[in-house]
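Reader: I am new to this structure and would rather begin with one part than with everything at once. Please look closely at one pair of residues, and then show me, step by step, what lies around that part and elsewhere along the chain.

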Amino acid sequence: MNYRKLGVTGLWVSEVSFGTIPVLKGNVPVLPQYYNLENEQAVALMRYAWDKGCNLYDTAIVPEYGDAEIKLGMFAKAVDRKRLIISDKARFFDGGEMYRAVEQSIENLGEIPDIYFVHQVDLDNVNQVFSKYGALDALVELKKEGKIKFTGVASHYYDVLIRAAKDKRVDVLQGSGNLLERGMLERMAEEPDFQRTGMIINKVYAAGLLPGRFTEQELIGGVLSYPVSTALLGIGTIEQADKAFSFNGEGRLLSWEHTLERFEQEFYPICCDRCQRCVCPKGTEIHTLFRQSNYYYLGKDYWALRKLDLGIRESAENCKKCTELRCMYQCPRGLWIPQIIQDIAQLVGNHYKGEDTEW
């Protein structure tokens, strides 16, 4: 196992790290696979990864990740705590709520987290998170009190992550990216502000949809070809751990054209890499619609359609009326965005036709 620096934290993290969602016992419908591990099984699996050289384990507060946080605490007591890096997070944006969440996490873990993230920061809550008495201020106070070691912000949005990278209160970032959704990784690689903060990348397997179409060496190596610290993988079985931790550090980034060719026997994907430059004046998240459409054809059909059905009619109508076409001028791939959105609306409409819906 190779190790990389985690920004200015002084920590060195394994290139492949362990995401604990799959070890929980509970019900998470969006998981591509579901394991429902008992405590002993979960701890044994984490220990197996540890013996392969993994030293960073990522979790979230109960009940967001079920009981995974508690199981990670059990594992922490079974290994050398000085070598283990615990990454934890909570989806609270108010400072008071975040402060209480961290104290609850400490109780669940029985340990002080090394990194604690404000989780799922998006464009609706970002101002609250960064404001005075917001969640980030709470993490800074908790760091001063010795209840966490480093502060973090986790988001799927480039605009949130660049704001966090420029904020000296933030030590570590967690973002998303993979071979298909590489646009944000490419933007981060070009931005000097990201060099200060450590960067953990999740969604390397795109919710479990890319393995089988690409090797683990290609998927992990592609992400690690960017200047990031570690590829965070959800691991629920010994087989998954073996594949993940067999990565030998020699991966290379497949070209965009070669990546798309892997899908063309099944479908023609929307050639969007989720760079997030396409800002719609009406608020449509174009890159998210395109991702869900690709996910539908990749096999996550029911979940993707339900997501697409949330607002697609309004987005399609707004596109018909728009004369600015700002999104097309912003798109480096030159996509005909208004037409693609009409096609997605038609896909959703065809699926729900005849059902008891507004379609």
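**A ring pair and its surroundings**

Author: Y57 has a relative accessibility of 0%, and therefore counts as buried, since the cut-off for that word is under 20% relative accessible area. F75 is buried as well, its relative accessible area also being 0%. Please keep in mind that the model is predicted, so that every value here is computed from it. A search of the whole structure finds 8 aromatic pairs, and one of them joins these residues: the ring centres of Y57 and F75 lie 4.8 Å apart with 45 degrees between the planes, so the pair is tilted. That word follows because planes under 30 degrees apart would count as stacked and planes over 60 as edge-to-face. The pair also brings together distant parts of the chain, for Y57 belongs to strand β4 (residues 56-58) while F75 belongs to helix α2 (residues 68-76), 18 residues apart.

For a contrast in geometry, turn to Y296 and Y297, whose rings form an edge-to-face pair with 4.9 Å from centre to centre and 85 degrees between the planes. Their surroundings can be described in the same terms: Y296 is partly exposed at 22% relative accessibility, and Y297 is partly exposed at 42%. These two tyrosines belong to a wider group, as ring pairs link F214, F263, F267, Y296 and Y297 into a cluster. Rings also meet charged side chains in this model: the charged end of R333 sits over the ring of W256, 4.3 Å from its centre, and K132 lies over the face of Y133, 4.8 Å from the ring centre.

Coming back to β4 and α2, the loop between them holds P63, and the peptide bond that leads from V62 to P63 is cis, with omega near 5 degrees. This deserves a moment's attention because most peptide bonds are trans, just as most residues other than glycine have a negative phi. The second half of that statement has its exceptions here too: A207, in the loop between β9 (198-202) and α8 (216-224), is not a glycine and yet has a positive phi of about 60 degrees. Q276, which lies in the loop between α10 (256-261) and α11 (286-298), likewise has a positive phi, near 70 degrees. A207 is partly exposed, with a relative accessible area of 22%, whereas Q276 counts as buried at 11%.

Beyond the end of α2, the story passes to charges. R81, in the loop between α2 and β5, forms a salt bridge with D114, the closest N and O atoms being 3.0 Å apart. D114 lies in the loop between α3 and β6 (115-118), 33 residues from R81, so this pair too links distant parts of the chain. Both R81 and D114 are buried, and they do not stand by themselves, since R81, E111, D114 and K149 are linked in a network of salt bridges.

How many salt bridges does the count come to? It comes to 23, and two further examples show how such pairs reach across the chain. K143 and D171 meet at 2.9 Å, N to O, with K143 in helix α5 (residues 135-144) and D171 in the loop between α6 (158-166) and β8 (172-176). Of these partners, K143 is partly exposed at 33% relative accessibility, while D171 is buried at 8%. E218 and R262 form a salt bridge in which the closest N and O atoms are 2.8 Å apart, and this pair spans 44 residues, from helix α8 to the loop between α10 and α11. E218 is buried at 17%, whereas R262 is partly exposed at 26%.

Finally, these parts can be set within the whole. The chain has 15 helices and 10 strands, and its radius of gyration of 20 Å is close to the 21 Å that the globule rule gives for 359 residues, so the chain is as compact as a globular protein of that length. Buried residues make up 56% of the 359 residues, and Y57 and F75, with which we began, are among them.

Terms used
Residues are numbered from 1 along each chain as its sequence is written. This is a predicted model: local features need pLDDT of at least 70, side-chain atom pairs count only at pLDDT 80 or more; totals for chains, interfaces and linings use all residues. Side-chain values use heavy atoms; hydrogens and water are left out. Rings of Phe, Tyr and Trp (its six-membered ring) pair if their centres lie within 6.5 Å; planes under 30 degrees apart count as stacked, over 60 as edge-to-face and the rest as tilted. Helices (H or I, at least four residues) and strands (E, at least two) are DSSP runs, numbered from the N terminus. Buried means under 20% relative accessible area, exposed over 50%, partly exposed in between (1.4 Å probe, protein chains only). A charge sits over a ring if NZ of Lys or CZ of Arg is within 6 Å of the ring centre and within 35 degrees of the ring normal. The radius of gyration is taken over C-alpha atoms; the globule rule is 2.2 Å times the number of residues to the power 0.38. A salt bridge is a side-chain nitrogen of Lys or Arg within 4 Å of a carboxyl oxygen of Asp or Glu.
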